[in-house]
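User: I should like to learn how to read a few features of a protein model. Could we take a sheet and the aromatic rings in turn?

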Amino acid sequence: MPLTATVISGVQKCVLYETRARYFLVGSNNAQTKHRVLKIDRTEPRDLVIIDDKHVYSQKEVRELLGRLDLGNRTKIGQKGSSGLSRAVSAFGIVGFVRFLEGHYIILITKRRKMADIGGHSIYKIEDTNMIYIPNDSVRVPHPDEARYVRMFQNVDLSSNFYFSYSYDLSHSLQYNVTLLKVPYSPGEVDKLHNSSSKLESFDIFEDEGLPTQVVYGLRNKPYAKYVWNSRLLEKIQDTVHPDWLMYIIHGFCGQSKLLIYGRPVYVTLIARRSSRFAGTRFLKRGANCEGDVANEVETEQIIHDASVMSLTAGSYSSYVQVRGSVPLYWSQDISTMMPKPPIRLDQADPYAHVAALHFDQMLQRFGSPIIILNLVKKREKRKHEKILSEELYPAVTNLNQFLPPEHCIEYIAWDMARYTKSKLCNVLDRLGLIAENVVKRTGFYINRADFHCHTLRPDERWGDLGGLVTAHGRLQTGVLRTNCVDCLDRTNTAQFMVGKCALAYQLYALGLTDKPKLQFDTDCVRLFEELYEDHGDTLSLQYGGSQLVHRVKTYRKIAPWTQHSKDIMQTLSRYYSNAFSDADRQDAINLFLQVYQPVESKPHLWELPTDFYLHHSNTMALPQERRSYTYWWSEGVLSHLPVPYDEVPCEKNKQKVAVKRVNQYDESTDMYTEFFKPYELTSFDDTFCIAMTNSARQFMPKSVGLDPSPFTVRKPEETGKSVLGNKSNKEETVLQRKTAASAPPPPSEEQISSSSEDDSEEDREDDATASQRSTPIKLAESGDNVRTQEEQQQLPYQPARETYGLNLSALPSEENLLIYHRFAHLGQNQHKLERRDKTTDAPKSLGNTISLLPVSSFNADSIYEVLPPRVDKDSRDMFLQHIEAGQGLIGSLCKEDRLIYREYIKNRYM
């Protein structure tokens, strides 16, 4: 079966040339060996006319073409403005085309920055864009409201957290992308990629010589439209231009850090995909729309891979996915009153949980089963506020579960996180850690290798209970955790961090990097992961709520510095100001950017609409053609393949989403080595991305001599390379160390947790003192250091080993270890001596007590005085003679491998 590989976009650099009648957009690959040309008409005042000849030009042909265009568009010599073809702008890709009330605009990416690297696939962040008006000024028909729409469209800052990749599908998870590469394709199923493979591309000048060519199937998959933010902007050209011109962007967060484990690089990547359906700001988008899309829906994926091997198919990769999103009900909050927390109201009655069924049907298709809901809203309030949502969500889930098989039912976990946080003795993160452990065991995680023997070499009882699906290629994650509170910001981010921390421990254990699937707080690894998640939470909070996180992981650990309280107050005020005064303009900009609203002269303007409810609920504008069943609420084919997600099943419907073409093994469109390392380009090692990224050894590891460099060693606050606590008094440090140690022991037992969760349904009159009695008692972790008194230290005749070597010797070595050491010392003293013994009867007995050594060198004489040179075989001598003769101008006949290399050089250079 031929190998499969992802198709690399052939348009990574663009140059826009301008004439009075047309724009010419010349796109090329990274090596600038293949070029494509788009011709955009500027004489049409309203219509978008784009011509793509689908031809691949060489660098010489493009120069000749541009020269002819420049010569043909020149005016008379001596006339003012005599210019033919002028260079307008350089870019790295097309975001899309948009039209308001006049002509069309083209949006180009003019600046980018590399943010992550996954198996050689680079992920870029958009740094700057350019919006260019296409029609010529001579045909432009001005409209008074055009400028206002342009300003509104540009309120969506494309330089803020929009990401793209030329070769990696960011809209899908790593599990989906790698699984796609392992689906077998027969030659009959292989289609030409949108009929773009011309005879010139498949022409082989060496095919008459009978030289074998290894075939690779290049795959290009359709993106998951829910997480693509410019799909509407590319609608008008996606059927007329080559797919290389189409570049899909996502919105959310992307961060990558390097975890050094004794010098071994492990990349920790966090990717958050924000849904483009029912998107908006905090108080203006709540609940779900009629199609089951919820507000503030974000899919977060953490990817762990060994950076020693670059290939996606040959390397070691692991990922874990979880989701956040608003409660899938028809609900909203009235923002007409200036209140920090507007009252929650249910807009529509949904007795059969129709909208929840649509939402969970989407999740079953994408993630499989089980779907686990972690509901963090408050259960007991003096005045009903958040409790309204819990009272509606639980019956909806119960109603849907009665039609599902018991093994695939939706699991519901309700936990009042805010109430536990108020208690001084309750350890919130311990309870979250227990929930996270159970969730990860149910869903499992993805790993692309089946030949790991971590559970055999370092057995752990928790590994046997791990869920997911074990296949011949590794392990798949089946199901997902869906976390929500009211805003899905602060509490949700902390809960997702704890689940991600638990999954990270299992991932590192599965990759053979740790000896047990457990990570402690205050280690370099967890601090690096916590910083990634805080950046992730701050970014998502700014996008939806208008401010950064108010409550962080340190807040729930109760080790935040005293200055954090004032920062929290400022973030709360910033969020309130943004929600009250700027969210409406941001919502209009999002609606315009996503083309939910398209301006038409005969319709009211966007700012004249009293509400955008009708824009996001399609059933309010037209009657539905067919009504879904209330009992069989899932899509066809989903249930039969559970727990595997239907989107990853290699059925005919899913294969139609993939375009496949046959290419050569060394074709540039699938050559990830050339794409990543760029051997044709001179680069500086200090400027590479792997040097600039966050490094656990550089940013987090203590700089003191004698400390354990392992990123899994628990550090004291004063030992960290990047202190998270700042300068504190001794009393405060003592309190903080106690609280830090309180989160170190294992979580409480299930009996204690079940007893505490049962009491959540009691009266509201119980205060925090009662809650603290039911909570987990705090246990101080005993230090592993041997603490000695001053009198004992004075009695010691030598300096403690802690001060000398940086470690403690708990006890003297055993007799067995001492015997091994004596033998090792004896061998070291006599390694160059030959002991001569008389042949006596005691010789066999004495030799039996020694260790027999085998020679480790192939040299005849090997000592500190003499080393014989190695023998050179005939092949090596012949190769050396050929090298000498080539330098003298004597070149022998070409072998088969030489002809193959020369053929690839000719094809890549001149064809």
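Analyst: Let us begin with a sheet in this predicted model. Its three strands follow the order β1-β11-β24, and the sheet is open, with mixed pairing.

User: Which strands stand at the edges, and why is one side of each left without a neighbour in the sheet?

Analyst: The edge strands are β1 (3-6) and β24 (658-664); each has a single partner strand, so one of its sides has no neighbour in the sheet. From one strand to the next, the twist averages 35°.

User: How many bridges join β11 to β24, and do the two run parallel or antiparallel?

Analyst: Strand β11, residues 215-221, is joined to β24 by seven bridges, and the two run antiparallel. To locate β24 from a residue, one may start at Arg220, which stands opposite Ala659 in β24.

User: Which helix lies across these strands?

Analyst: Helix α3, residues 174-181, lies across β1, β11 and β24. Its direction makes an angle of about 145° with β11.

User: Let us turn to the rings. How is a pair of aromatic rings described?

Analyst: Two quantities describe such a pair: the distance of the centres and the angle of the planes. In the whole structure, a search finds 26 aromatic pairs. In one of them, Tyr149 and Trp607, the ring centres are 4.8 Å apart and the planes stand at 45°, so the pair is tilted.

User: Where in the chain do Tyr149 and Trp607 lie?

Analyst: Tyr149 belongs to helix α2 (residues 146-153), while Trp607 lies in the loop between α13 (563-593) and α14 (613-616). The pair thus links distant parts of the chain, 458 residues apart.

User: Is Tyr149 buried or exposed, and what is the relative accessible area of Trp607?

Analyst: Tyr149 has a relative accessible area of 0% and is buried. For Trp607 the value is 22%, so this residue counts as partly exposed. Both rings also belong to one aromatic cluster, whose members include Phe100, Tyr133, Phe153 and Trp229.

User: Which charged residues lie over the face of a ring?

Analyst: Two cases may be given. Arg42 lies over the face of Tyr23, 4.4 Å from the ring centre. Arg366 lies over the face of Tyr224, at 4.2 Å from the ring centre.

User: Finally, how many helices and strands does the chain have, and what share of its residues is buried?

Analyst: The chain has 28 helices and 25 strands. Of its 911 residues, 48% count as buried.

Definitions and conventions. Residues are numbered from 1 along each chain as its sequence is written. This is a predicted model: local features need pLDDT of at least 70, side-chain atom pairs count only at pLDDT 80 or more; totals for chains, interfaces and linings use all residues. Side-chain values use heavy atoms; hydrogens and water are left out. Two strands pair if DSSP finds at least two bridges between them. Helices (H or I, at least four residues) and strands (E, at least two) are DSSP runs, numbered from the N terminus. Axes are lines fitted to C-alpha atoms, for helices over the stretch in contact, and angles run from 0 to 180 degrees between N-to-C directions. Contact means heavy atoms within 4.5 Å. Rings of Phe, Tyr and Trp (its six-membered ring) pair if their centres lie within 6.5 Å; planes under 30 degrees apart count as stacked, over 60 as edge-to-face and the rest as tilted. Buried means under 20% relative accessible area, exposed over 50%, partly exposed in between (1.4 Å probe, protein chains only). A charge sits over a ring if NZ of Lys or CZ of Arg is within 6 Å of the ring centre and within 35 degrees of the ring normal.
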